[in-house]
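Got a model to walk through, so let's go at it question by question. Have the sequence and the coordinates open while you read.

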Amino acid sequence: MKNGENMKLSIVIPVYNEEKFIDAVLERVRNVKFQPGVEVELVAVDDCSRDGTFEKLKAWEFKGVKICRHEKNGGKGAALHTGFKLATGDVVTVQDSDFEYNPEELPRLLAPILENKADFVFGAREAFVKGLPHRVMYFWHLKINAFLTAFCNMFSNLALSDMECCYKMFRRSVLEKIELKERRFGFEPEITLKASRQDILFYEVPVSYSCRTYAEGKKISWKDGVSALRCIVKYGLFRM
């Protein structure tokens with residue numbers, strides 16, 4: 001697969017209570033300029049939002065966005081499971097439904113795949129790549145993320161800088177060989193460890209990150225850190 005060849009990229013967006021941001025996020029993703037020959041498919045999964053998110057999403061269905069709603073809240077991982085099943089692209093990636101990640105950087109993640117240098121590309125937030133300017137994160141989030149990445153690296157034998165980064169892009173063939181089980185934020189270490197057992201090429205690309213505060217709607221908590229630790233041990237030691 002090279003620049004100029006036709007391929008489809010599916011961007012899966014898990015959504016939960018993002019009424020304030022979802023329209024702007026989808027508009028921003030839809031306006032990204034990808035490499036020539038790249039067709040983009042947007043898939044948004046509403047994980048049983050309690051605000052007006054789904055009503056706003058329904059308007060986007062008439063603009064070509066695939067829409068699905070969970071009748072019961074299942075978590076980010078559960079929304080991604082649904083989105084991956086709906087996705088039809090040759091390459092699949094994840095976009096959060098807020099402004100923490102800049103979708104204009106997705107073409108940079110896609111480039112190594114188009115150039116056949118990678119099958120799985122990880123984003124690495126600036127805070128985890130020395131020397132790059134970045135918005136200051138919460139101290140304990142930074143330290144816990146660094147620890148979880150290092151611990152996961154011990155089991156995966158990958159020298160990743162930021163395992164927990166939302167931006168992960170992979171060929172469909174990688175996804176088809178993985179049975180995903182984690183329904184919340186355990187998705188990140190699970191897919192990393194399971195993909196690490198495949199004979200594929202990995203790549204890492206620095207990405208910007210504008211960390212939200214809890215007042216702005218940040219949802220992850222210390223409980224998710226504990227869960228991620230459990231998942232690393234579980235999927236690192238056992239083939240499940």
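Q: How many helices and strands does the protein come to?
A: Bear in mind that this is a predicted model. The protein has 240 residues, and 56% of them are buried. Its secondary structure comes to eight helices and seven strands.

Q: What share of the exposed area do carbon and sulfur atoms supply?
A: The protein exposes about 11,400 Å². Of that area, carbon and sulfur atoms account for 55%.

Q: Among contacts with a separation of 6 or more, what percentage comes from residues 24 or more positions apart?
A: One pair that sits far apart along the chain is lysine 8 and glutamate 39, 31 residues apart, with C-alpha atoms separated by 4.6 Å. Across the protein, residues 24 or more positions apart account for this share of those contacts: 78%.

Q: Which strands stand at the edges of the sheet?
A: The sheet is open, has seven strands with mixed pairing, and runs in the order S3-S2-S1-S4-S6-S5-S7. From one strand to the next, the twist averages 20 degrees. Two strands have a single partner each, so one side of each is left without a neighbour in the sheet: S3 (66-69) and S7 (202-207).

Q: How many bridges join S1 to S2?
A: On one side of S1, the pairing with S4 is parallel and has four bridges. S2 (residues 38-46) is mostly covered, with seven of its nine residues buried. S1 and S2 also run parallel, and the bridges joining them number nine.

Q: What is the bridge partner of serine 10 in S4?
A: Serine 10 has a partner to name in each of two strands. In S2, it stands opposite glutamate 41. In S4, its bridge partner is valine 92.

Q: With which residue does the side chain of lysine 8 make a polar contact of 3.0 Å?
A: Lysine 8 sits in strand S1. Setting aside residues up to four places away in sequence, lysine 8 touches Glu39, Glu41, Thr88, Gly89, Asp90 and Val91. The side-chain polar contact of 3.0 Å is with threonine 88.

Q: Which strand gives the most to the largest nonpolar core?
A: That core has 66 residues, and those with the most contacts inside it are Phe84, Leu110 and Met169. Phenylalanine 84, for one, is in contact with Val12, Val92, Val94, Phe170, Arg172, Leu175, Leu180 and Phe187, leaving aside neighbours within four places in sequence. The core's top contributor, with six residues, is strand S1 (residues 7-15).

Q: Is helix H7 largely enclosed or largely open, and how many of its residues are buried?
A: The buried residues of H7 include Phe187, Ile191 and Leu193, along with Glu188, Glu190 and Lys194. H7 is largely enclosed by the rest of the structure, because the count of buried residues is 10 of the 10.

Q: Is arginine 125 buried or exposed, and what is its relative accessibility?
A: Arginine 125 is in strand S5. A polar contact of 2.6 Å joins its side chain to that of aspartate 162. Since buried means under 20%, arginine 125 counts as buried, at 4%.

Q: Is glutamate 105 buried or exposed, and what is its relative accessible area?
A: Glutamate 105 is found in the loop between strand S4 (91-94) and helix H4 (106-114). Not counting residues up to four places away in sequence, glutamate 105 touches Val207 and Ser208. The under-20% cut-off applies here too, so glutamate 105 is buried, with a value of 12%.

Q: What is the relative accessibility of asparagine 157?
A: Most residues other than glycine have a negative phi. Asparagine 17, in the loop between S1 and helix H1 (22-30), has a positive phi near 50 degrees and counts as partly exposed at 24%. Asparagine 157 has a positive phi near 60 degrees and lies in the loop between helix H5 (139-156) and S6. Asparagine 157 counts as exposed, with a relative accessibility of 71%.

Note on methods: Residues are numbered from 1 along each chain as its sequence is written. This is a predicted model: local features need pLDDT of at least 70, side-chain atom pairs count only at pLDDT 80 or more; totals for chains, interfaces and linings use all residues. Side-chain values use heavy atoms; hydrogens and water are left out. A nonpolar core is a set of buried Ala, Val, Leu, Ile, Met, Phe, Trp, Tyr and Cys residues joined through side-chain atoms within 4.5 Å. Buried means under 20% relative accessible area, exposed over 50%, partly exposed in between (1.4 Å probe, protein chains only). Contact means heavy atoms within 4.5 Å. Accessible areas come from the Shrake-Rupley method with a 1.4 Å probe; for residues, only the protein chains shown count as cover. A polar contact is a pair of N or O atoms within 3.5 Å; within protein, one must be able to donate a hydrogen and the other to accept it, and residues adjacent in sequence count only if both atoms are side-chain atoms. Two strands pair if DSSP finds at least two bridges between them. Axes are lines fitted to C-alpha atoms, for helices over the stretch in contact, and angles run from 0 to 180 degrees between N-to-C directions.
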